[in-house]
Amino acid sequence: MVYEITDMDNVSSLFDKWEETLIWSCLQGIMGKIYADNLSAPTAAMAIIGDFTFFAGKPNIELVSYKPDWCTQSFMIMVPQNEFWKNAILNFYGKRATVISRYAIKKEPHIFDKEMLEKAVASLPEQYTLSMIDERLYQMCKAETWSADLVSQFPNYENYSELGIGAVICKENIILSGASSYSRYKEGIEIEIDTRQEYRRKGFAYVCGAKLILECLKRNLYPSWDAHNKGSVALAEKLGYHYSHPYTAIEIYDY
């Protein structure tokens, strides 16, 4: 059986020492959900938030194969706690599963150079505008596939206004690039950065990232960064972060 967990004290030890803010969002009851093999004494658990699922504890095929009714997407990134979970995922999903490497970035609250970040923001050419995401921009982000993940984990603007934070670059009322909160936990956010394809490699992501970090620091929120590829690692390092280590994730198609 698979059970939805509401008493996080029963499962928190299974995720112990896993420095992943998406898991923290679930454990803190802010976003996402946690499922386990037992309500009172779980030995296996999974945290689901957005396109990510994290598996912890003793490998359990029922959890690996379980898809909640509210998960309507056809794609998922599964992160196994160890090789045993990895093998269980691969054995179940077979050809629908692709092993990838993602890249963890160190969480260091006091490393940011505010003067450097302010110069990055000021470097935006005058023909573009940099704005914090308000209700109009929230709806614009949500309307296009490439920018939807900037706000997609917040079901409406009221929720985003309460928990989210983001900045976008526009030209002639068109969003070109943005940096926003993919998710929120008590102490900070997980950053999502996206740029319209024809405007990539122009420094827009750098400007948006710098603006978002500065705004987070003003609000005493930590802007956590997890990199999907080495290009994302390079951008993070340019903004002041430090690379930590690669880790295994598994992309599931036709989920």
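Here are three short exercises, with worked solutions, on the predicted model shown above.

**Exercise 1: overall form**

Work out how the radius of gyration of the chain compares with the globule rule.

*Solution.* Start with the inventory: the chain holds eight helices and 13 strands. Next, take the two numbers to compare: the radius of gyration is 19 Å, and the globule rule gives 18 Å for 255 residues. These values are close, so the chain is as compact as a globular protein of that length. To add the outline, look along the principal axes, where the C-alpha trace spans about 60 × 35 × 35 Å.

**Exercise 2: inside and surface**

Find what share of the residues is buried, and what share of the exposed area comes from carbon and sulfur atoms.

*Solution.* Apply the cut-off for buried, under 20% relative accessible area: buried residues are 52% of the 255 in the chain. Then turn to the surface, where the chain exposes about 12,600 Å² and carbon and sulfur atoms supply 47% of that area. Finally, place the charges: the mean positions of the 26 positive and 33 negative charges lie 5 Å apart.

**Exercise 3: the surroundings of strand S5**

Which strands pair with S5, and in which sense does each run?

*Solution.* First locate S5 at residues 75–80, where five of the six residues are buried. One partner is S4 (residues 52–57), parallel to S5 over four bridges; here Thr 53 sits opposite Met 78 of S5. Another partner is S13 (residues 243–253), which runs antiparallel to S5 and is joined to it by four bridges. On that side, Ile 77 faces Glu 251 of S13.

Note on methods. Residues are numbered from 1 along each chain as its sequence is written. This is a predicted model: local features need pLDDT of at least 70, side-chain atom pairs count only at pLDDT 80 or more; totals for chains, interfaces and linings use all residues. Side-chain values use heavy atoms; hydrogens and water are left out. Helices (H or I, at least four residues) and strands (E, at least two) are DSSP runs, numbered from the N terminus. The radius of gyration is taken over C-alpha atoms; the globule rule is 2.2 Å times the number of residues to the power 0.38. Buried means under 20% relative accessible area, exposed over 50%, partly exposed in between (1.4 Å probe, protein chains only). Accessible areas come from the Shrake-Rupley method with a 1.4 Å probe; for residues, only the protein chains shown count as cover. Lys and Arg count as positive and Asp and Glu as negative; His and the chain ends are not counted. The place of a charge is taken as NZ of Lys, CZ of Arg, CG of Asp or CD of Glu. Two strands pair if DSSP finds at least two bridges between them.
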